[in-house]
Structures are given as C-alpha cells and as structure tokens.
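User: Please take a close look at the nonpolar packing in this one. Keep it chatty, but give me the cut-offs.

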Amino acid sequence: MDFCILFMGALCGGNMKGLTKLIQVKFLILKNPITGLNKVFESRIRLGVMSILMVNEEVNFNDLKQMLEVTDGNLATHLVNLEENGFIKIHKGFVGKKTNTTYTITKTGEKAFTDHITALESMIKGVK
Amino acid sequence: MLELNQQNQPLQELRDIKKMMERSSRFISLSGLSGIAAGICGLAGAAIAAEILDNYYGHYELKGGYDSQDFSDLKNRLLLLAILVFMVAFTSSFLFTWRKARKQNIPLWNMTSRKLFWNMLIPLSAGAVFIYAMLRMDDWIYVAPSCLIFYGLALVNASKYTFTDVRFLGYGQILLGLVNMFFIGKGLYFWAAGFGFLHIVYGGIMWWKYERAD
C-alpha cells in the first residue's frame with residue numbers, strides 16, 4: 001500500500017497536496033471500520049432477519065413476522081432484498097394445502113453478517 | 001433503536017442483534033416462580049399422599065389383613081390426587097410464565113415455546129406409555145423412579161430451547177430416579193425431593209438470577 005501511495009505520489013508529479021490526501025485516504029481505510037459495515041444491514045428489519053437466521057436453521061414467514069413485529073408487505077420487501085443480495089435462500093413448500101415458505105441463511109450471508117459484527121465491535125473498541 | 005448518539009450506535013446495534021438471537025432461539029419467558037409454584041404443589045401432594053397411605057395402613061392393621069375394596073379405593077384416591085396435583089401445578093406454573101411473557105411483551109405461543117413444548121413432550125409421552133404398560137402388568141414398584149427419570153430426560157432435552165439452567169434440574173431428577181430404583185418403596189420421599197424440593201430450589205435460583213431485578 002505504501003508503495004502504491006508513493007507511486008500515486010509520483011504520478012501526481014510531486015504535488016504534495018495530492019499526496020497528503022492519499023495518505024489520509026489510506027489512514028481512513030485502515031482506521032475506520034465503517035468500511036466493514038454493510039449497507040444492506042442498515043435496515044432494522046433486514047438486520048433482524050439475519051440475526052434470527054444465524055441461530056435458527058430454518059424459519060418460516062409467519063415466525064419471522066411475529067418476532068420482528070412487521071407487516072406482511074414490509075417483511076416481504078426486505079426478504080426479497082436479502083435474497084437478491086444472495087444472503088438468504090427461499091424455500092417454497094406446503095403444509096397440507098397451505099403454502100409454507102421458509103428461509104435459510106447462505107454462506108455469503110453468514111460471511112457478510114459476521115463481517116458486519118466484527119466492524120461494529122471494532123468501532124466500539126475504537127471509541128474506547 | 002432510536003439511539004442517535006454516534007458512540008452508542010454500534011453498541012446498541014450489537015445489543016439488538018444479541019436480543020434477537022436470544023429471543024428467536026430460546027424461550028426466555030419461563031419464570032422461576034413457576035418452578036417454586038410447581039414445587040409447592042408437589043410437596044403438598046406428597047403430604048396428602050402420605051396421609052392417604054397412613055389411613056390405608058391404619059385400616060389394614062385394624063382389619064388384620066388385605067382388603068381388596070380398600071386397596072382399590074387407595075389406588076383411585078392416589079390416581080385422583082396425582083391428576084389434581086398435576087393440574088394445579090401446571091396451571092399455577094403457567095400463570096407465572098404467562099405473566100412474565102406479557103411483561104417482556106413476547107407472545108406465549110411462538111417459535112421457541114413451540115420447540116420447547118415438542119422437545120419436552122417426546123420424552124414425557126414415551127415415559128407415560130412406559131409407565132402405563134408397567135401398571136397394566138401390576139408392576140408398580142418402578143413407577144415413581146420412572147416418572148423422575150423420564151421427567152429428567154425431558155428437561156435435559158428441553159434445556160436446548162430455554163435457559164440452560166433447566167439442564168441441571170434435569171440431571172437432578174434423573175439422578176434421584178436412578179437412586180430410587182435401589183430404594184423401592186420409598187418412592188414418595190423421592191417424589192417429594194424431586195418434584196417438590198428440587199423444583200423450589202431451581203425456581204428460587206432462576207428467580208434470583210433472572211427476575212429479581214424487575
């Protein structure tokens with residue numbers, strides 16, 4: 001990284017202002033754990049869904065709804081968002097004649113979630 | 001949730017995550033007072049049973065022998081007592097847990113209580129059939145230890161879905177049941193110790209640990 005900065009500095013043609021800015025950027029990348037925070041988890045509901053799926057193998061729509069205290073439509077939107085990000089998997093099944101949709105977490109989702117937690121933890125340590 | 005202070009935000013978020021994980025994987029509304037209530041019912045039941053048995057043996061000595069009418073009365077009375085004690089114990093424990101769930105604003109019948117219920121029910125039903133089969137053969141000497149052992153196994157199994165402390169109550173019941181197998185005829189004492197005393201101790205500890213603050 002240092003090499004990179006020197007290289008960029010050389011490119012800037014010895015422009016010291018540009019170089020300081022680059023060093024600041026580097027400092028930010030290293031020191032600021034906000035970079036590890038995941039935008040997807042900014043929503044309380046999406047974060048809740050992920051927390052629940054981390055500790056439960058498989059959860060159905062109604063249980064998620066009950067635990068998160070949200071409306072059907074609201075929850076559905078967030079679930080679609082999480083699926084599009086590849087964080088959860090949707091399984092459509094039946095209990096008798098009623099549809100029973102269940103959700104599981106994916107490997108990508110697990111990774112993103114633990115990274116998010118690590119980032120939160122380092123933010124707390126950084127403050128102290 | 002609405003913590004706007006920048007410094008507290010990540011901490012609050014981690015707390016929310018932890019809370020959600022706990023709430024979704026374990027039934028945390030089980031009240032220690034439920035344990036105490038069940039224990040008191042157990043002790044009261046054991047005391048009444050001892051009284052009934054005393055009465056029976058009193059008659060036995062008066063008549064100077066076995067009377068089939070007296071014996072069938074005894075069996076009916078004890079069975080009725082067992083059902084009554086179970087119902088009162090269940091209702092009173094249910095009330096305290098219902099109250100705690102309402103305070104925590106958690107529905108009583110949710111994903112976690114459902115899991116807890118089924119995991120408790122499986123060893124208990126196996127035990128019920130087992131004991132019924134023994135009674136059918138008039139083999140009553142292992143009834144008391146079997147109740148304790150199967151109840152203990154159910155608790156150990158169910159502890160995965162509620163406070164882990166329940167596991168120790170389960171170990172206690174299993175141990176009492178096993179020891180009771182070698183002290184046939186002392187079933188009532190072991191019942192009083194397991195269903196009465198252990199429940200009260202466990203309930204007291206749970207209350208002290210988790211509910212004293214509220």
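Analyst: Let's start with chain A, where 23% of the 128 residues are buried (20 or more other C-beta atoms within 10 Å of the residue's own, with C-beta atoms placed from the backbone). Bear in mind that this is a predicted model, where local features need pLDDT of at least 70 and side-chain atom pairs count only at pLDDT 80 or more, while totals for chains, interfaces and linings use all residues. Residues are numbered from 1 along each chain as its sequence is written, and chains are lettered from A and ligands numbered from 1 in the order in which they are written.

Chain A has six helices and three strands (DSSP runs numbered from the N terminus: H or I of at least four residues, E of at least two), running α-α-α-β-α-α-β-β-α from the N terminus.

Now the packing. The largest nonpolar core (buried Ala, Val, Leu, Ile, Met, Phe, Trp, Tyr and Cys joined through C-beta atoms within 7 Å) has 28 residues, and B:Leu148, B:Ala154 and B:Ala158 touch the most other members. Two or more residues each come from helix 4 (111–136), helix 5 (143–158), helix 6 (166–180) and helix 7 (187–211) of chain B. Helix 5 of chain B gives the largest share, ten residues. Beyond its neighbours within four places in sequence, B:Ala158 is in contact (C-beta atoms, placed from the backbone, within 7 Å) with B:Leu116, B:Asn119, B:Met120 and B:Val166.

There's also a second, separate core of 25 residues, including A:Leu47, A:Phe87, A:Ile88 and A:Met123.

As for where the chains meet, 15 residues of chain B are in contact with 17 of chain A. Helix 1 (residues 9–25) of chain B gives the most to chain B's side, ten residues.

Conventions: Two residues are in contact if their C-beta atoms, placed from the backbone, lie within 7 Å. A residue is buried if 20 or more other C-beta atoms lie within 10 Å of its own, exposed if 12 or fewer, and partly exposed in between; C-beta atoms are placed from the backbone.
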